[in-house]
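Hi everyone, thanks for coming along. I'd like to walk you through one small story in structure reading, and you can follow on the screen as I talk.

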Amino acid sequence: IAGIGGATIRAILTRAPEQLSRLGWLVLAPQEDGDELQQWLGAVGLPPRRVRFVRQDRRLYQILVVAR
């Protein structure tokens, strides 16, 4: 899930717990609020396994890999 804020990603994942439980891994790229998203993921038992930052032009993107 990419191109939207961390709060929106959290809302999507919160509304679909059954689907979320079936996924083995996720790649998330929040446009903002990435730290808050990481905290929530940890609280629900899905701490990011990898966190990377990618620079494109003047913009820095956060990439989170989450796995069960």
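Let me begin with a term we need: helices are DSSP runs of H or I with at least four residues, and they are numbered from the N terminus. With that in hand, you can place glycine 34, which sits in helix α3. Please keep in mind that what you see is a predicted model.

Is glycine 34 buried or exposed? Glycine 34 has a relative accessible area of 8%, and buried means under 20%, so glycine 34 counts as buried. Now look across to leucine 60, which is 26 residues away from glycine 34 along the chain. The C-alpha atoms of glycine 34 and leucine 60 are separated by 12 Å.

Let's go inside next. Which residues make up the largest nonpolar core? There are 11 in all: Ile9, Leu13, Leu20, Leu26, Leu28, Leu37, Trp40, Leu41, Leu46, Leu64 and Val66. At least two residues of this core come from each of α1 (6-15), β1, α3 and β3 (59-67). The element that gives the most is α3, with three residues. As a general point, nonpolar side chains in soluble globular proteins tend to be buried together.

One member of that core deserves a closer look, and that is leucine 64. You will find leucine 64 in strand β3. Its relative accessible area is 0%, so leucine 64 is buried. Along the chain, leucine 64 and arginine 52 are 12 residues apart, and their C-alpha atoms are separated by 6.6 Å.

Now let's move to the loop between β1 (25-28) and α3 (34-43), where aspartate 33 is found. Aspartate 33 has a relative accessible area of 35%, which means that it is partly exposed. Its backbone is worth pointing out too: phi of aspartate 33 is near 60°, a positive value in a residue other than glycine. Aspartate 33 also joins Glu32, Asp35 and Glu36 in forming a negative surface patch.

Glutamine 31 is placed in this loop between β1 and α3 as well. Its relative accessibility is 30%, so glutamine 31 counts as partly exposed. If you step along the chain by 10 residues from glutamine 31, you reach leucine 41. Between the C-alpha atoms of glutamine 31 and leucine 41 there is a separation of 16 Å.

Where else is there a positive phi in a residue other than glycine? Try aspartate 57, with phi near 55°. Aspartate 57 belongs to the loop between β2 (48-56) and β3. With a relative accessible area of 71%, and exposed meaning over 50%, aspartate 57 is exposed.

My last stop is about charge. How many salt bridges does a search of the whole structure find? The search finds one. In that salt bridge, the side chains of arginine 22 and glutamate 18 meet at 3.2 Å, N to O. In general, side chains of opposite charge can pair when their charged atoms come close. Why are these two about one helical turn apart? Because arginine 22 and glutamate 18 are four residues apart in helix α2 (residues 17-22). Both arginine 22 and glutamate 18 are exposed.

While we are in helix α2, have a look at serine 21, which is placed there too. At 45% relative accessibility, serine 21 counts as partly exposed. Serine 21 and arginine 49 are 28 residues apart in sequence, and in space they are 17 Å apart, C-alpha to C-alpha.

To recap, we met a buried glycine 34 in α3, a nonpolar core of 11 residues, a negative surface patch that includes Asp33, and one salt bridge. Thanks for listening, and do ask me anything!

Key. Residues are numbered from 1 along each chain as its sequence is written. This is a predicted model: local features need pLDDT of at least 70, side-chain atom pairs count only at pLDDT 80 or more; totals for chains, interfaces and linings use all residues. Side-chain values use heavy atoms; hydrogens and water are left out. Patches are made of residues with over 30% relative accessible area and no salt bridge: like charges are joined within 9 Å, nonpolar side chains (Val, Leu, Ile, Met, Phe, Trp, Tyr) within 5 Å. Accessible areas come from the Shrake-Rupley method with a 1.4 Å probe; for residues, only the protein chains shown count as cover. A salt bridge is a side-chain nitrogen of Lys or Arg within 4 Å of a carboxyl oxygen of Asp or Glu. Lys and Arg count as positive and Asp and Glu as negative; His and the chain ends are not counted. The place of a charge is taken as NZ of Lys, CZ of Arg, CG of Asp or CD of Glu. Buried means under 20% relative accessible area, exposed over 50%, partly exposed in between (1.4 Å probe, protein chains only). A nonpolar core is a set of buried Ala, Val, Leu, Ile, Met, Phe, Trp, Tyr and Cys residues joined through side-chain atoms within 4.5 Å.
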